[in-house]
Amino acid sequence: MFTAEDHQYMARALRLAARGLYTTDPNPRVGCVLVRGGQIVGEGWHERAGEGHAEIHALRQAGERAAGAAAYVTLEPCCHHGRTPPCSQALISAGVSRVVAAMLDPNPLVAGNGLAELQAAGVAADSGLLASEAEQLNPGFVMRMRHGRPWVRCKLAMSLDGRTAMQNGESRWITGEAARRDVHHLRARSSAIITGIGTVLADDPSLTVRLEGEDAVPLLLPLRVIIDSQLRIPPTARLLDLPGETLILTGSVDANRLAQLARPGVSVEPLPLNAGGRLDLGAVMQYLGGRGVNELHVEAGAVLCGALLADGLIDELVIYLAPHLMGDAARGLFSLPGLQHMTQRIGLSIQDVRAVGRDLRITARLADPPGP
């Protein structure tokens with residue numbers, strides 16, 4: 001159904017879409033290529049939320065040459081008024097003759113209606129070209145639109161014998177500089193970075209993105225999220241006074257503690273507790289999805305990581321494996337106290353293994369993930 005040339009132009013559109021990796025949130029990353037007479041006459045990508053979509057940038061570049069052109073778009077053109085007008089009407093008005101979308105938009109406001117509108121106007125419109133590649137570019141947006149929660153990526157660093165910190169809590173640095181720099185790229189592409197109160201009390205982290213020199217890129221500031229059931233975070237915690245926004249999710253309504261935390265850029269949201277007195281992590285994910293969080297980056301200790309894993313709420317594990325040993329008294333990756341038999345093992349499917357400096361980066365997913 002699709003030709004070699006179709007694949008070539010859609011691959012180009014996907015590369016363009018990737019340029020918005022750090023800046024489009026909460027919108028998806030989208031690229032568009034306009035082709036007429038075997039020549040690219042316009043191209044663009046969605047650069048920042050609230051600004052023109054990929055199709056609009058490509059149409060502006062093409063001008064009158066858009067008439068009769070084929071448009072290759074990595075996501076079905078929108079057909080509703082949001083912060084910008086619908087792209088489907090812009091394509092129709094420009095006189096394009098054909099639209100190929102990599103995938104249908106999972107947003108219920110679109111969901112096939114964009115292509116239907118184009119077809120009703122006499123434009124040949126189809127989808128399904130490099131669809132899996134397009135979905136991989138926007139795992140969080142797709143997850144949020146389909147299931148109401150973010151795509152959860154859990155980053156961990158461990159020694160060759162599976163340890164994350166010494167018995168006394170010392171953990172700097174398990175991995176080398178290249179791996180730590182790589183982590184900041186993962187942070188930068190995320191809508192939010194989440195950790196637990198245990199990590200805040202032990203390490204006083206900043207949870208910011210620090211990319212400098214040749215790694216520096218335009219980016220948005222990810223939301224910082226703290227899981228703090230009893231509202232134990234000290235008012236002096238470093239991340240409370242850094243640029244950007246910090247969100248504390250808690251089960252406490254202690255007025256005195258809330259007053260101590262009140263300051264610009266800090267918000268506290270009460271959420272339900274489970275039977276064990278901890279925050280209901282499913283409710284946490286639904287709440288963050290409602291706030292437009294697409295990709296959620298987890299940097300936490302064994303307790304929170306273990307709870308997320310046990311609840312089936314981790315979609316992707318990114319584990320940095322360092323070439324040293326830390327001993328059997330050091331701390332492990334996950335707290336999973338309920339596992340006692342081999343039949344209870346949590347199976348993983350390794351997606352990618354690559355060297356990052358002196359370390360290995362292993363990307364894995366649950367082999368048989370439960371439903372969202």
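**Exercise 1. Find the residues that Tyr72 touches in this predicted model, leaving aside those up to four places away in sequence, and then place Tyr72 in its core.**

Solution. Begin with the contacts themselves: in this predicted model, Tyr72 touches Asp6, Tyr9, Met10 and Ala13, together with Gly31, Cys32, Val33, Val35, Arg98 and Val100, when residues up to four places away in sequence are not counted. Next, turn to the largest nonpolar core, which has 40 residues and in which Tyr72 belongs to the group that touches the most other members, a group that also holds Met10, Leu34, Leu91, Val96, Val99 and Leu118. Then ask which elements give two or more residues to this core: they are helix 1 (4-17), strand 1 (31-36), helix 2 (54-62), strand 3 (70-73), strand 4 (98-101), helix 4 (113-120), helix 5 (131-137) and helix 6 (139-147). Helix 1 gives the most, with six residues. Finally, apart from this core lies another one, of 33 residues, including Cys154, Ile227, Val284 and Cys305.

**Exercise 2. Determine how many disulfides the model has, and explain why Cys154 is not bonded to Cys305.**

Solution. The cut-off needed here is that two cysteine sulfur atoms must lie within 2.5 Å, and by this rule the count is zero disulfides. Take Cys87 as one case: the nearest cysteine sulfur, which belongs to Cys78, is 3.8 Å away, and Cys87 is in no disulfide. Cys87 is also buried, because its relative accessibility is 0%. For Cys154, the closest cysteine sulfur is that of Cys305, and because the distance is 3.6 Å, it is too far for a bond. Cys154 likewise counts as buried, since its relative accessible area is 0%.

**Exercise 3. Describe the protein as a whole, and decide how its radius of gyration compares with the globule rule.**

Solution. Start with the elements, of which the protein has 11 helices and 16 strands. The radius of gyration is 23 Å, close to the 21 Å that the globule rule gives for 372 residues, so the protein is as compact as a globular protein of that length. Along the principal axes, its C-alpha atoms fill a box of roughly 70 × 45 × 45 Å. Turning to burial, 49% of the 372 residues are buried, while the accessible surface comes to about 17100 Å², with 51% of it belonging to carbon and sulfur atoms. As a last step, consider the contacts between residues at least 6 apart in sequence, of which 68% join residues at least 24 apart.

Definitions and conventions: Residues numbered from 1 in each chain as written. Predicted model: local features only at pLDDT ≥ 70, side-chain atom pairs only at ≥ 80, totals over all residues. Heavy atoms only, no water. Core = buried A, V, L, I, M, F, W, Y, C linked by side-chain atoms within 4.5 Å. Buried < 20%, exposed > 50% of the residue type's maximum accessible area, 1.4 Å probe, protein only. Helix = DSSP H or I, 4+ residues; strand = E, 2+ residues; numbered from the N terminus. Contact = heavy atoms within 4.5 Å. Rg over C-alpha atoms; globule rule 2.2 N^0.38 Å. Areas by Shrake-Rupley, 256 points an atom, 1.4 Å probe, with all protein chains shown as cover.
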